[in-house]
Amino acid sequence: MSRLILKDVESGYGPMQILWGIDLTVNESETVILLGANSAGKTTLLRTIIGLLPCTGGSILFEGEPIHNLPPDQRIRRGIAYMSELGVFPGLTIEENIRLGGYFLSGAEVRRRSTRLYELFPALANKRREQAASLSGGQRKMLGIAKVLVSEPKLLLMDEPSSGLAPVFVKQVVDVLKYAITGGMTLLIAEQNIAFLSLADRGYLLEGGQVKHSGTRAELESSDVVREAYFGL
Ligand SMILES: Nc1ncnc2c1ncn2[C@@H]1O[C@H](COP(=O)(O)OP(=O)(O)OP(=O)(O)O)[C@@H](O)[C@H]1O
């Protein structure tokens, strides 16, 4: 069943249109990757789905219902979570950041879920009462992921989880996401780093605010369009 359906979506910044006629689907328990170079429109698309930017044309359906006219908080309440490139509040502790991710849950529920998350992220467990500012770049990214996972979203939108990370941390992020995916998570990830293609069931290549190509992981891996966009081949 389709969890998210975008039909002919348009969006942009004031009079400047950035997205043109985007058609995209994410099915339940599926991982979909949004590939594209700088300025292709990946962030703009994720921000339009969560409602931080207006959908000026077309429609966005979540679990079969239109959401494109709802404010972001109502989209979040329906089960959509958005992890931006920044992700965490450095002045708050690890525990407080995770608590914020589950702000509409009871304290007991957050504690129960945190226990499981700390097993997944032992480096965070050891530092739970320290400020997020004390974490390394890789650990901060892990905290950003823990903070969105605590709400157990029905759909997780992730913007460039690899941004600013050394290759060793990129691998850790990929491994943690693999684990979350085996638990049935539904994910839409915007990434320039081709390592994330290994997580995806399907993907879309954006260029100039339009879908230039789409297909299964295998199709994308062998696609000349993707090879050209990523490797200049
Ligand atoms: N706040 C803004 N105001 C006006 N134009 C913007 C704004 N943010 C982004 N843009 C423009 O929208 C286009 C798409 O940018 P977007 O950030 O969605 O690309 P992206 O694929 O996420 O790339 P990146 O990986 O660099 O973030 C670019 O031309 C960019 O200059």
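What is the handedness of the crossing of helix 6 and helix 7? In this predicted model, the crossing of helix 6 and helix 7 is right-handed. The legends below describe this crossing and further close-up views.

**View 1. Helix 6 (residues 137-149) and helix 7 (residues 167-182) cross at roughly 20°.** The axes of the two helices come within 9 Å. Because angles under 35 degrees count as roughly parallel, helix 6 and helix 7 are roughly parallel to each other. On the helix 6 side, the contact is made by Gly 137, Gly 138, Lys 141, Met 142, Ile 145 and Leu 149. Helix 7 contributes Phe 169, Gln 172, Val 173, Val 176 and Ala 180 to this contact. Seven nonpolar, three polar and one charged residues make up the contact of helix 6 with helix 7.

**View 2. Helix 3 (residues 94-101) passes helix 6 with a crossing angle of roughly 35°.** The axes of helix 3 and helix 6 come within 7 Å, and the crossing is right-handed. The participants from helix 3 are Ile 94, Asn 97, Ile 98, Leu 100 and Gly 101. Their counterparts in helix 6 are Leu 143, Ala 146, Lys 147 and Val 148. By class, the contact of helix 3 with helix 6 has six nonpolar, two polar and one charged residues.

**View 3. Domain 1 (1-79 + 153-232) meets domain 2 (84-152).** The centres of domain 1 and domain 2, taken over C-alpha atoms, are 23 Å apart. At the junction, 14 residues of domain 1 are in contact with twelve residues of domain 2. On the side of domain 1 that touches domain 2, strand 7 (155-159) and helix 7 each supply at least two residues. Helix 7 provides the largest share of that side, six residues. The side of domain 1 that touches domain 2 consists of nine nonpolar, three polar and two charged residues.

**View 4. The ligand is surrounded by residues that include Tyr 13 and Gln 192.** Also in the shell around the ligand are Met 16, Ile 18, Gly 36, Asn 38, Ser 39 and Ala 40. Gly 41, Lys 42, Thr 43 and Thr 44 likewise belong to this shell. Strand 2 (16-27) and helix 1 (42-50) each supply at least two of the shell residues. The largest share, three residues, comes from helix 1. Classified by residue type, the shell around the ligand contains four nonpolar, seven polar and one charged residues.

Key: Residues are numbered from 1 along each chain as its sequence is written. This is a predicted model: local features need pLDDT of at least 70, side-chain atom pairs count only at pLDDT 80 or more; totals for chains, interfaces and linings use all residues. Axes are lines fitted to C-alpha atoms, for helices over the stretch in contact, and angles run from 0 to 180 degrees between N-to-C directions. Helices (H or I, at least four residues) and strands (E, at least two) are DSSP runs, numbered from the N terminus. Angles under 35 degrees count as roughly parallel, over 145 as roughly antiparallel, 65 to 115 as roughly perpendicular and the rest as oblique. A crossing is left-handed if the near helix is turned anticlockwise from the far one by less than a right angle, and right-handed if clockwise. Two residues are in contact if their C-beta atoms, placed from the backbone, lie within 7 Å. Ala, Val, Leu, Ile, Met, Phe, Trp, Tyr, Cys and Pro count as nonpolar, Asp, Glu, Lys and Arg as charged, and the others, Gly among them, as polar. Domain bounds come from an automatic or database domain assignment. A residue is near a molecule or strand if its C-beta atom, placed from the backbone, lies within 6 Å of it.
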